[in-house]
Amino acid sequence: MKKRIWAVLLAALMVAAVFAGCGSEPVAPSEGGESGGTAAPSEGGSEEPYDVTFMYVVGSDHPDQAKVEEAMKALVLEELNMNLNVVTVPSTYSTQLMLMLTSGEALDVFPMPADGSGPLSYITNGYIQDLGPLLDLHGDKVEAIYGDESKIANIDGFVFAIPMNKERDYAGGMIMRKDILDQCGIDVGENCSKLTKLEDMTAVFAAVHEKFPDMTVFGGDYIFTPASIFLGRGIDNLGNEFGVLLDPAENTTVTNWYESDEYIRRVNLMREWYQAGYVQKDMATSTDSGTTQMRAGNLFCDFDLTKPYRAVEAEQATGFPCVCFDFDEPVKNSCTVLDGWSIASNSENPEKAMEFLNWVYGSAEFNNLMNWGIEGEHFVYVDKGNSPIVDFPEGKDLDSVGYHQNRGWELPNQYIAGIWAGNPEDLPDAMAKYNKDMKISKAYGFIFNGADYETELANLNSVREKYAYALGSGSVDPETELAKFNAELYAAGLQTIMDAKQEQLDAWLASK
């Protein structure tokens, strides 16, 4: 029986990690985007179908959601002899997931949520299966993607997830509406080559504010500012931002990000922009994403995680031509393996659940259904058999099509599926090069075990909530608030966590 769950959710903790795949490079889509092989039903299909419950995240409740789920069910029954039960939830779903896990409700496969608790709490509370032995039995398609790093998402040998196949880390950057830049006569150069540092945005913001005084120049979700975000800024936060590696490719000394020169520079710049009237006034508490606000037509720029061809994604999502200024550098780090696809302890048959999950990593058709919907109705191949590029069917667009997720970063294996128009046909190869050329943290693969420090981490999260977003949005004065912030962090146990991270990291490095 299909389950649809929409719940009033509690406010989520700050995103803890980039969803990221690890290991070998992305698997290129097969010709026409078809699945690279199928799994035969167990025992020749003679046994009773297993009921596999699959949860995935949707951006919104699309009109044709039920129709897409029926197509998913038919495919899974045909290829795996399993009855697929689908649970769809919105992006912030940790509360609903926890209710399912603690109540013993049927659940097999789900994406590990990116919240402040991290995978360790799911392990220590017995909510998830150790995927290591299961991968040995049913992991051929996963191994084809990640090779020797198929089990890299582990804490003390407990494999908690299979990472999404995607970029290993992001840069941090400003996403701007190109039409507004053009109307203001601002030339940022090809790929924003005329912008070299974050401070260069000041003149851009000033010009836009003068030309469009009623437009919000910079805004979005409270998490996403150059100062408050702790993803994609060239550091390794070792699982949470309470003790980081500021130069992870070269130095393994754990330090306090909130006392660093770089953090101080960023909060001071945000304060300057806020006082000049460039920043959304309620950004410290806003939960409306920059994408949503930009699509509504009254936002020029937001901060987000960027990667090759990110401007294409932004245009699809906002409806406006966009450009991206990447001012941070990606680093393959310990956070890139924190999140992925897990199997719940609630699963009645973990081997069957792993068989299903492994198959998903090799099925172009299933990944297409998750992201783009039903071929011919919600998307089409522009030259099927010769090109992996897909687009809306004739006469359809984002507003009129019945299903369109565009959430490739959350798919098990987006690169085996169709590539949306505007991206190059060789996108998997481009992302493979991006991952290969990326700097690597000396702590890549290390995950901090904070099981003995739950009190300190909870207290630190409370202090972070009190100060970080206000400072990150520029709505409070760093001259007075930053010192208070750091004092309260240390009082809450920051030094204890930093010392524990350093001790565990040193031991991990020595064991390599």
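Trainee: Which residues of helix 12 are buried?

Mentor: A residue counts as buried when under 20% of its relative accessible area remains. In this predicted model, the residues of helix 12 that meet this condition are Ala364, Phe366, Asn367, Asn368, Leu369, Met370 and Asn371. Because 7 of the 8 residues of helix 12, which spans residues 364-371, are buried, the helix is largely enclosed by the rest of the structure.

Trainee: Which elements do the buried residues of helix 12 pack against?

Mentor: Their partners include three helices and strands from the earlier part of the numbering, namely strand 2 (50-57), helix 1 (65-80) and strand 3 (82-89). The buried residues of helix 12 also pack against strand 13 (340-343), helix 11 (350-360) and strand 14 (380-381). Just after helix 12 comes Gly373, which takes a positive phi of about 100°.

Trainee: How should I read a sheet, and in what order do strands 14, 15 and 16 stand?

Mentor: The general idea is that strands of a sheet pair through backbone hydrogen bonds, either parallel or antiparallel. Here 3 strands form an open sheet in the order 14-15-16, and the pairing is mixed. Strand 14 and strand 16 (419-420) stand at the edges with a single partner strand each, so one side of each is left without a neighbour in the sheet.

Trainee: How many bridges join strand 15 to strand 16, and do they run parallel or antiparallel?

Mentor: Strand 15, residues 389-391, is joined to strand 16 by 2 bridges, and the two run parallel. To find this pairing in the model, look for Ile389, which stands opposite Ile419 in strand 16.

Trainee: Strand 13 was named as a packing partner of helix 12; which residues stand opposite Ile343 and Gly340 in strand 13?

Mentor: Val109 stands opposite Ile343, and Pro163 stands opposite Gly340. Val109 belongs to strand 4 (residues 109-111), which runs antiparallel to strand 13 and is joined to it by 3 bridges. Pro163 lies in strand 7 (residues 162-163), which pairs with strand 13 in the antiparallel sense over 2 bridges.

Trainee: Turning to the interior, how many cavities of 30 Å³ or more does the structure hold, and what volume has the largest?

Mentor: A cavity is a space where a probe fits but cannot get out. The structure holds 4 cavities of 30 Å³ or more, and the largest has a volume of about 260 Å³. Its lining consists of 20 residues, of which Glu313, Trp372, Gln414, Asn423 and Leu427 lie nearest the centre of the cavity. Helix 10 (310-318), strand 16 and helix 13 (427-437) each supply at least two residues of this lining. By class, the lining of the largest cavity divides into 10 nonpolar, 7 polar and 3 charged residues.

Trainee: What is the volume of the second largest cavity, and which residues are closest to its centre?

Mentor: The second largest cavity has a volume of about 100 Å³. It is lined by 12 residues, and the closest to its centre are Tyr56, Val57, Trp341, Met370 and Glu410. Met370 is also one of the buried residues of helix 12. The lining of the second largest cavity has 9 nonpolar, 1 polar and 2 charged residues.

Trainee: For the protein as a whole, what percentage of the residues count as buried?

Mentor: Of its 512 residues, 59% count as buried, and its secondary structure comes to 16 helices and 17 strands. The protein exposes about 19700 Å², of which carbon and sulfur atoms supply 48%. Among contacts with a separation of 6 or more, 81% are between residues 24 or more positions apart.

Methods: Residues numbered from 1 in each chain as written. Predicted model: local features only at pLDDT ≥ 70, side-chain atom pairs only at ≥ 80, totals over all residues. Heavy atoms only, no water. Buried < 20%, exposed > 50% of the residue type's maximum accessible area, 1.4 Å probe, protein only. Helix = DSSP H or I, 4+ residues; strand = E, 2+ residues; numbered from the N terminus. Contact = heavy atoms within 4.5 Å. Pairing = 2+ DSSP bridges. Areas by Shrake-Rupley, 256 points an atom, 1.4 Å probe, with all protein chains shown as cover. 1 Å grid on protein atoms, 1.4 Å probe; cavity = no way out; pocket = protein on both sides within 12 Å on 5 of 7 lines; lining within 4 Å. Points joined across faces, edges and corners; volume = space filled by probe spheres on them. Nonpolar A, V, L, I, M, F, W, Y, C, P; charged D, E, K, R; others polar.
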